[in-house]
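Reader: I would like to go through this model with you, with reasons for each term. Shall we look at it together?

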2 protein chains.
Amino acid sequence: MGSRCENCIVRQFNSLRAMSKEELKAVSDSKTTKTIRKGEPLFEEGDKLNGVYCVRNGVSKLSKLSSNGKDQIVKLASTGEVIGQRSVVAQECANLSAIAVNDMEVCFIPKETINHTLQKNPNFTLEVLRHMAHDLKEADDVIVNMSQKTVKQRIAEAFLYLKNNFGEDENGFLALTLSREDISNVVGTATESAIRIISEFKKKGLIHTSGKKVGIKNERKLVELVEGF
Amino acid sequence: MGSRCENCIVRQFNSLRAMSKEELKAVSDSKTTKTIRKGEPLFEEGDKLNGVYCVRNGVSKLSKLSSNGKDQIVKLASTGEVIGQRSVVAQECANLSAIAVNDMEVCFIPKETINHTLQKNPNFTLEVLRHMAHDLKEADDVIVNMSQKTVKQRIAEAFLYLKNNFGEDENGFLALTLSREDISNVVGTATESAIRIISEFKKKGLIHTSGKKVGIKNERKLVELVEGF
DNA sequence: TTGAAAAGCTGATAATTGTCATAGTCTCCC
DNA sequence: GGGAGACTATGACAATTATCAGCTTTTCAA
């Protein structure tokens with residue numbers, strides 16, 4: 001049995017902070033805690049979601065299969081983020097698949113609890129709305145990057161993003177390690193192209209690598225590259 | 001003086017339909033009607049918005065300047081859509097520029113009126129939330145298309161989108177005429193590339209053109225092209 | 001009406017990116 | 001500890017897309 005939502009620190013980072021004590025109690029009573037192994041799905045594109053997932057630990061990739069057979073990773077969601085909110089709010093099937101990038105601990109909150117609060121507590125609804133507005137802005141920015149920047153720039157940006165959002169370990173490697181394939185699915189390119197560019201970055205001294213792990217060596221140059229020299 | 005919001009048909013298509021009679025009256029009393037000429041901006045990226053724009057007539061392109069100096073059109077908003085909502089909800093400066101694609105008639109609704117209703121009427125907030133959830137899904141889909149489809153596929157898709165969302169005129173041309181440059185900014189490519197592909201489509205009998213105007217001739221083949229043959 | 005500016009078009013060429021093939025390396029399970 | 005399978009890496013080549021240059025057509029305002 002997981003701990004009580006009322007005491008959960010994770011809540012500070014998402015819209016659940018706008019809930020009243022009673023509402024939180026209802027969430028706590030109806031939630032179930034799950035462990036998801038690396039590589040396993042929380043849900044898949046097209047699934048009917050019966051609730052949302054609040055991430056306590058680990059990272060999930062939200063991706064969509066394109067008609068060319070390749071996955072495009074649209075977002076990485078980690079501690080504190082609520083996954084599946086969009087589908088529940090819109091009362092639609094999942095538009096994206098959510099797959100664990102590493103081992104995860106999540107709380108599943110049934111949609112009834114969420115919907116009930118959405119109808120009763122305008123502050124909560126407004127908070128969810130603000131979060132979604134933020135996600136939408138980010139998505140718009142991704143559209144611009146995807147369509148206007150080169151693969152090289154997008155990979156450089158991805159590394160900077162990983163550093164800013166997940167930090168580095170004690171040895172200066174990015175704390176979140178993605179496979180080369182995942183990286184290529186984030187930036188929307190062929191795996192071989194991503195590998196080639198990563199090698200090039202390494203040769204130029206922008207990054208250092210060790211197996212899958214990547215560390216940023218020259219952040220300033222990476223930023224310049226993203227901006228276009 | 002524009003007509004009363006209470007009687008405005010446009011309202012049926014957006015979140016304003018969740019407003020009470022009194023709230024609508026407040027909107028009606030505080031709104032101002034504006035005419036925007038083709039090519040003129042409603043607002044520009046970075047502007048602080050003092051309200052939202054409800055489109056009565058015409059179409060606006062929502063775009064963002066990339067660091068490479070090119071504009072990326074992220075969305076086309078037409079009759080019934082509310083522009084600027086995201087920025088007002090998130091209390092941020094505009095992330096996108098809104099420029100009239102043809103002559104527009106819009107109602108400007110001050111943000112105070114919107115914010116007041118957002119805090120008082122959960123149904124309205126929920127309705128706005130649902131709309132934003134829908135926009136987010138669309139944005140995610142655009143990300144996938146931009147990163148996984150070829151320019152040819154994206155142009156074909158753009159034409160189908162224009163037909164489905166804006167219809168055709170009596171001569172079988174797309175009702176919304178975009179310049180070649182706008183088309184290239186929608187699909188995220190160089191204007192010359194867009195023109196070349198449009199010529200190719202014409203040669204292959206997929207479309208017919210007359211000046212800027214484009215008409216769809218073989219919809220099935222266009223769909224096949226988008227799906228990847 | 002006309003002439004300048006903007007938009008559309010096309011070719012040549014370069015740069016970017018994808019695909020296919022092959023080989024090395026790592027991982028993990030028996 | 002060894003071997004199958006997944007992941008990483010690199011080369012060769014093809015396809016896609018961008019860039020530059022020059023030209024024609026359209027548009028629009030004086």
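Reader: Which elements each supply at least two residues of the surface near DNA strand C?

Author: This is a predicted model. The elements are α5 (151-166) and α7 of chain A, together with α6 and α7 of chain B. α7(B) gives the most, with 5 residues.

Reader: What makes a residue part of the surroundings of DNA strand C?

Author: Its C-beta atom, placed from the backbone, must lie within 6 Å of the strand. 18 residues surround DNA strand C. The closest are Thr150(A), Thr189(A), Ser193(A), Arg180(B) and Ser199(B). By class, the surface near DNA strand C divides into 4 nonpolar, 7 polar and 7 charged residues.

Reader: Which residues come nearest to DNA strand D?

Author: Of the 18 around DNA strand D, they are Arg180(A), Ser199(A), Thr150(B), Thr189(B) and Ser193(B). Two or more residues come from each of α6 (180-187) and α7 (191-203) of chain A, and from each of α5 (151-166) and α7 (191-203) of chain B. α7(A) gives the most to this surface, 5 residues. The classes here are 4 nonpolar, 7 polar and 7 charged.

Reader: How do you know what relation links chain A and chain B?

Author: Lay chain A on chain B. The RMSD is 0.0 Å, after a turn of 180 degrees and a shift of 0.0 Å along the axis. That is the relation of a two-fold axis.

Reader: Why do you say that the copies meet through the same surface?

Author: Because 100% of the interface residues of chain A are also interface residues in chain B. The contact joins 37 residues of chain A with 37 residues of chain B. On the side of chain A, β5 (71-78), α2 (85-90), α3 (111-120) and α4 (122-148) each supply at least two residues. α4(A) has the largest share, 20 residues. This side of chain A holds 17 nonpolar, 12 polar and 8 charged residues.

Reader: Why is chain A called as compact as a globular protein of its length?

Author: Chain A has 8 helices and 10 strands. Its radius of gyration is 19 Å, and the globule rule gives 17 Å for 229 residues. The two values are close, so chain A is as compact as a globular protein of that length. The C-alpha trace spans about 55 × 40 × 30 Å along its principal axes. Of its 229 residues, 44% count as buried. Among contacts between residues at least 6 apart in sequence, 68% join residues at least 24 apart.

Reader: What makes helix α6 of chain B mostly covered?

Author: The count of buried residues. A residue is buried if 20 or more other C-beta atoms lie within 10 Å of its own. In α6(B), residues 180-187, 6 of 8 are buried. They are Asp182(B), Ile183(B), Ser184(B), Asn185(B), Val186(B) and Val187(B). The cover includes β4 (60-65), β5 (71-77), α5 and α7 of chain B. Just after the helix, Gly188(B) takes a positive phi of about 75 degrees.

Reader: Which members of the largest nonpolar core touch the most other members?

Author: Ile143(A), Phe159(A), Ile143(B) and Phe159(B), out of 134 residues. Nonpolar side chains tend to be buried together in soluble globular proteins.

Reader: What is Phe159(A) in contact with, leaving aside its neighbours within four places in sequence?

Author: Leu174(A), Ile207(A), Val214(A), Ile216(A) and Leu222(A). Each pair qualifies as a contact because the C-beta atoms lie within 7 Å.

Note on methods: Residues are numbered from 1 along each chain as its sequence is written. Chains are lettered from A and ligands numbered from 1 in the order in which they are written. This is a predicted model: local features need pLDDT of at least 70, side-chain atom pairs count only at pLDDT 80 or more; totals for chains, interfaces and linings use all residues. A nonpolar core is a set of buried Ala, Val, Leu, Ile, Met, Phe, Trp, Tyr and Cys residues joined through C-beta atoms within 7 Å. A residue is buried if 20 or more other C-beta atoms lie within 10 Å of its own, exposed if 12 or fewer, and partly exposed in between; C-beta atoms are placed from the backbone. Two residues are in contact if their C-beta atoms, placed from the backbone, lie within 7 Å. Helices (H or I, at least four residues) and strands (E, at least two) are DSSP runs, numbered from the N terminus. Ala, Val, Leu, Ile, Met, Phe, Trp, Tyr, Cys and Pro count as nonpolar, Asp, Glu, Lys and Arg as charged, and the others, Gly among them, as polar. Copies are superposed by least squares on the C-alpha atoms of residues with pLDDT of at least 70 in both. The radius of gyration is taken over C-alpha atoms; the globule rule is 2.2 Å times the number of residues to the power 0.38.
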